Amino acid sequence: MQKKYLFYISQNYSFAILRPLQTEIRRRGGEVTWFLEPNVNASYLSSDEVQLTTVEAINTFNPFAVFVPGNVVPSFIPGLKVTVFHGFDAGKLDWKGKNTHFRIRGCFDLHCSYGKDMTKQFEQLAEKHQTFKVVDTGWPALDPLFTTDTALNPYIDNEDKRPTVLFCSTFSPRFSCAPHIFEAIKKLSESGKWRWLVQFHPKMGADIVEKYKALENDNLTFIETDNVVPLLKSADVMLCDTSSVLLMFLLQRKPVVTFKGNQQGEHLINVSSPEQIELALTEALEQPDELMRKIDDYIEYIHAYTDGNSSARVLDAVDNFTFDSLKSKPLNLLRQLKLRKKLGFWKLS
């Protein structure tokens, strides 16, 4: 019997996270539909992708499992609730000083994790709460990073022999470096020394986005996309802050320079002033042996899978899932009421 799956998304970047999983589901003969929260741009859907627009339609579709690259999902829709996460642990802390990546909101039955550290911490939380299970599967979003041919990559310019620098920044004012290093990026891009690609988190403030768009020249291109993987594959080095996208870049064995980043470690080159950026990028492009060894060690730690088969492991984990020994999830009344209001659904399931 054909299995049905729902992709429930709340951000535009979620399309790229789930499409490798969609490919594997279809390969196995399953059926996929998408549900987009109101702020998601439906124009990112491909012509062969089916969108459900109401909770009633989801209930009629009756998915076997619901995949979510986010933090919450309605309890009033059917299906096994599975989180595949929206990114790596970037070390972001809430106002209490707690890591938000490991906050348990009581929404999911299965957490598909990746990396020794992440899996270990979620297993400890699973033992504590006893309301969900954890399986180390790898992250589906990375499958194309290890399998897709670069020949059709629109961001690779084979005629330009200069090194390519990818500058990414997160949206949070507490962590974003984009407002603070604008003049440095302007100066470096105008020098023509390197080719620059600039891409920000979809929630980045419009004023910052417009400011950087105005920098575009023969050496710098500002890119808005729902799929960052081709960008990651096109660059030689990354400049970043506390965005989890830097971890995806590292997995390619490519160096990253961070500006006042929360993450610390010898696998990164961290700078604290705009004047240090040029020298740090120059060092990173040389790929010194000790730095590359530290990067290799870190890759083993955060995401050892490089076979491009994480989507297959996620589906296997779902197929093998049982509710044995699990306690009931908390009611989460306030959170679920907020979701009902957002989706305009007040019927009892």
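Biologist: In this predicted model, how many residues does the largest nonpolar core have?
Modeller: The residues with the most contacts inside this core are Phe67, Phe167, Trp196, Phe200, Tyr212 and Met238. In general, nonpolar side chains of soluble globular proteins tend to be buried together. The core that holds these residues, the largest nonpolar one in the predicted model, has 96 residues.

Biologist: How many residues are in the second, separate core?
Modeller: This second core stands apart from the largest one, and Ile58, Phe61, Phe76 and Cys107 are included in it. The number of residues in this separate core is 17.

Biologist: Leaving aside neighbours within four places in sequence, which residues is Phe167 in contact with?
Modeller: Phe167 is listed with those that have the most contacts inside the largest nonpolar core. Once its neighbours within four places in sequence are left aside, Phe167 is in contact with Cys177, Ala178, Ile181, Ile185, Trp196, Leu197, Val198, Gln199, Phe200, Tyr212 and Leu239.

Biologist: In what order do the seven strands of the open sheet stand?
Modeller: Strand 1 pairs with strand 2 in the parallel sense over six bridges, and strand 1 also pairs in the parallel sense with strand 4, over three bridges. Strand 4 pairs with strand 5 over four bridges, and strand 5 with strand 6 over two bridges, parallel in each case. The open sheet of seven strands is parallel in its pairing, and its order is 3-2-1-4-5-6-7.

Biologist: Which strands stand at the edges of that sheet?
Modeller: A strand at the edge has a single partner strand, so one side of that strand is left without a neighbour in the sheet. The two that stand in this position are strand 3 (51–52) and strand 7 (133–136).

Biologist: Is strand 1 largely enclosed by the rest of the structure or left open, and how many of its six residues are buried?
Modeller: Within strand 1, Lys4 stands opposite Glu31 in strand 2, while Leu6 has Val66 in strand 4 as its bridge partner. Strand 1 (residues 4–9) is largely enclosed by the rest of the structure, because the number of its six residues that are buried is five.

Biologist: What is the handedness of the β-α-β crossover from strand 1 to strand 2?
Modeller: On leaving strand 1, the chain passes through helix 1 (residues 14–27) before it arrives at strand 2. This β-α-β crossover is right-handed.

Biologist: Is Thr33 buried or exposed?
Modeller: Thr33 lies in strand 2 (residues 31–36), and, not counting residues up to four places away in sequence, Thr33 touches Tyr5, Leu6, Phe7, Val50, Leu52 and Phe61. The relative accessibility of Thr33 is 2%, and since a residue under 20% is classed as buried, Thr33 counts as buried.

Biologist: Which residues of strand 5 are buried on its two faces?
Modeller: In a regular strand the side chains alternate between the two faces of the sheet. Strand 5 (residues 80–83) is covered on both faces, and the buried residues are Leu80 and Val82 on one side and Lys81 and Thr83 on the other.

Biologist: About what angle does the direction of helix 11 make with that of strand 4?
Modeller: Ala65 stands opposite Leu80 in strand 5. Helix 11 (residues 310–319) packs on this sheet, where it touches strand 1, strand 4, strand 5, strand 6 and strand 7. Its direction and that of strand 4 make an angle of about 140°.

Biologist: What does the twist average from one strand to the next in the open sheet of six strands?
Modeller: This sheet has parallel pairing and the order 10-9-8-11-12-13, with strand 10 (220–222) and strand 13 (269–271) as its edge strands, each pairing on one side only. From one strand to the next, the twist averages 20°.

Biologist: In strand 9, which residue is the bridge partner of Ser169?
Modeller: Strand 8 (residues 164–169) and strand 9 (residues 195–200) run parallel and are joined by six bridges. The bridge partner of Ser169 in strand 9 is Phe200.

Biologist: To what number does the count of disulfides come?
Modeller: A disulfide needs two cysteine sulfur atoms within 2.5 Å. For Cys112 the nearest cysteine sulfur, that of Cys107, is 16 Å away, and for Cys240 the nearest, that of Cys168, is 5.7 Å away, so that neither Cys112 nor Cys240 is in a disulfide. The count of disulfides comes to zero.

How values were computed. Residues are numbered from 1 along each chain as its sequence is written. This is a predicted model: local features need pLDDT of at least 70, side-chain atom pairs count only at pLDDT 80 or more; totals for chains, interfaces and linings use all residues. Side-chain values use heavy atoms; hydrogens and water are left out. Buried means under 20% relative accessible area, exposed over 50%, partly exposed in between (1.4 Å probe, protein chains only). Contact means heavy atoms within 4.5 Å. A nonpolar core is a set of buried Ala, Val, Leu, Ile, Met, Phe, Trp, Tyr and Cys residues joined through side-chain atoms within 4.5 Å. Two strands pair if DSSP finds at least two bridges between them. A crossover is right-handed if, with the strands pointing away from the viewer, the path from the first strand over the helix to the second runs clockwise. Axes are lines fitted to C-alpha atoms, for helices over the stretch in contact, and angles run from 0 to 180 degrees between N-to-C directions.
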